Amino acid sequence: MLAFYFLLLASAYSFLLENPQGNGGTTITNQYLTISKFYEEMKLQQADTANVHRETIKLRHDTDNSLTLLTSQLQQKFDLLDKKLAEIARHNDSNSDFINLEQKYIQLEQKYSNLEQNYITQGHELAMLKNTLQTNHNTSIKDLGTQIRTLQTNHNASITNLGIELKNVEKNQNIHFVDVESKMRAAAIMNNQTFIHLQQQIDNSTEQVAMTAHPSSNSNKAGIIKFDNVAFSVGIKNLTAFKNSGKFVCEKEGLYILSVKIYSNTNGAHFYISLNGNTISYTKISFNGNHPSAMENTSTAVLTVQLRLNDSVWVFYPRASHVAGSAWSTFTIVKIK
């Protein structure tokens with residue numbers, strides 16, 4: 001290179017003389033680039049090259065810093081997602097929403113990997129651009145600035161898009177969390193209701209209800225027979241209404257056995273059992289074709305019925321007949337289930 005400058009200097013002095021004089025003293029107009037002007041252009045070009053080199057290094061440094069900051073922010077986001085995913089996994093390992101969220105998390109990691117690869121590719125492109133600038137000093141500074149601005153724009157756009165995707169993922173994640181919590185609360189309420197209903201069924205099936213009653217005295221009339229002398233009862237609250245009306249009102253629904261025994265000396269006497277006004281049993285006590293000869297008989301009816309809450313059961317004579325009081329006649333009700 002030094003030899004080149006010497007040769008260049010020698011050539012310049014052979015034809016680049018400032019203001020040479022002829023034999024006649026006539027001044028010759030300067031038609032060539034002077035040495036000072038040549039050196040000045042050389043220095044300007046070297047200064048431009050040095051500036052481009054410094055800007056390239058600064059851009060690479062800024063890009064590395066941005067990548068480092070972005071990596072740190074993404075790592076913090078991933079750590080937060082890991083914690084939330086772990087919390088969901090502890091509450092419900094089999095929840096399909098958690099699986100979908102995990103898949104989105106994996107997709108996000110893949111997008112981050114792709115973005116990081118893009119940054120590496122851009123770094124390689126910057127290195128190639130630097131080598132090109134160093135080997136070709138005639139590259140337009142304006143074109144180089146345009147490329148740098150385009151690269152910076154793409155870089156900023158990538159960061160913006162990644163931020164939008166992270167916000168969307170976080171928003172969807174919050175929606176899934178709310179949905180999972182709502183489903184868990186609904187399941188808990190349903191389980192509680194099921195438990196209460198089951199407990200109620202158990203209580204109803206194990207609760208005792210029974211009664212045995214007799215007429216307190218003889219009677220000879222038609223209508224509802226009143227068994228107003230309650231000899232035994234359990235699980236029945238309103239016995240007073242039963243004694244006064246002769247109607248048993250179901251307070252606890254279930255399966256019941258009804259047993260009615262009537263002693264009578266009326267010829268052709270018969271009694272019915274009614275459920276809510278509907279006759280469910282007919283029983284004849286006796287009949288004597290040689291009437292009015294004396295006769296006395298007892299008849300019994302036994303039924304199994306399903307009683308609902310507030311159902312009414314009673315025994316009645318369709319016509320006036322004798323009913324023997326005390327233990328001669330009996331009405332028994334027992335809840336078996």
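**Stop 1: strand β7**

Select β7, residues 270-275. Both of its faces are covered: H270, Y272 and S274 are buried on one side, and F271, I273 and L275 are buried on the other. Buried here means under 20% relative accessible area, exposed means over 50%, and partly exposed lies in between (1.4 Å probe, protein chains only). Six of the six residues of β7 are buried, so the rest of the structure largely encloses this strand. Strands (E, at least two residues) and helices (H or I, at least four) are DSSP runs, numbered from the N terminus.

Before moving on, note what is on screen. This is a predicted model, in which local features need pLDDT of at least 70, side-chain atom pairs count only at pLDDT 80 or more, and totals for chains, interfaces and linings use all residues. Residues are numbered from 1 along each chain as its sequence is written, and side-chain values use heavy atoms, with hydrogens and water left out.

**Stop 2: the partners of β7**

Add β8, residues 278-284. β7 and β8 run antiparallel and are joined by six bridges. Two strands count as paired if DSSP finds at least two bridges between them. The two strands form a hairpin with two residues between them. Click on N276 in the turn: its phi is positive, about 55°.

Now add β10, residues 312-317. β10 pairs with β7 over four bridges, again in the antiparallel sense.

**Stop 3: S274**

Zoom in on S274, which sits in β7. Its relative accessibility is 2%, so S274 counts as buried. Which residues does S274 touch, not counting residues up to four places away in sequence? Show T279, S312, V313, W314 and F316. Contact means heavy atoms within 4.5 Å. Two of these residues also face S274 across strand pairings: T279 is its bridge partner in β8, and W314 stands opposite in β10.

Next, find G277. Its backbone nitrogen lies 3.2 Å from a polar atom of the S274 side chain.

**Stop 4: the five-stranded sheet**

Select β4, β1, β12, β6 and β9. In that order they make an open sheet of five strands, with antiparallel pairing. β4 (229-234) and β9 (297-307) stand at the edges; each has a single partner strand, so one side of each has no neighbour in the sheet. Neighbouring strands in this sheet are turned by 10° against each other on average, direction ignored. That angle is taken between axes, which are lines fitted to C-alpha atoms (for helices over the stretch in contact); angles run from 0 to 180 degrees between N-to-C directions.

Look inside the sheet at β6 (residues 254-264) and β12 (residues 330-335). Six bridges join these antiparallel strands. One place to check is K261, which stands opposite T330 in β12.

**Stop 5: salt bridges**

How many salt bridges does a search of the whole structure find? There are four. A salt bridge is a side-chain nitrogen of Lys or Arg within 4 Å of a carboxyl oxygen of Asp or Glu.

Start with K252 and E207, whose side chains meet at 2.7 Å, N to O. This pair links distant parts of the chain, 45 residues apart: K252 is in the loop between β5 (248-249) and β6, and E207 is in the loop between α4 (141-206) and β1 (210-214). K252 is buried at 18% relative accessibility, whereas E207 is partly exposed at 33%.

Then go to helix α2, residues 35-91. Here D62 bridges to K58, with the closest N and O atoms 3.1 Å apart. The two are four residues apart, so about one helical turn separates them. D62 is partly exposed at 31%, and K58 is exposed at 52%.

Select D64 and R60 in the same helix. Their salt bridge spans 3.4 Å, N to O. They too are separated by about one helical turn. D64 is partly exposed at 33%, and so is R60, at 35%.

**Stop 6: L162**

Move to L162 in helix α4. L162 is buried, at 5% relative accessibility. Leaving aside neighbours within four places in sequence, L162 contacts L70, L74 and L115. L70 is 92 residues away in sequence, yet 9.7 Å away in space, C-alpha to C-alpha.

**Last stop: confidence**

Colour by pLDDT, the predictor's confidence in each residue, from 0 to 100. The protein averages 79, and 79% of the residues score at least 70. Select residues 1-30: their pLDDT is below 50, and beyond near neighbours in sequence the stretch has 15 contacts in the model. Where pLDDT is low, the predicted coordinates should not be read in detail.

How values were computed:
A polar contact is a pair of N or O atoms within 3.5 Å; within protein, one must be able to donate a hydrogen and the other to accept it, and residues adjacent in sequence count only if both atoms are side-chain atoms.
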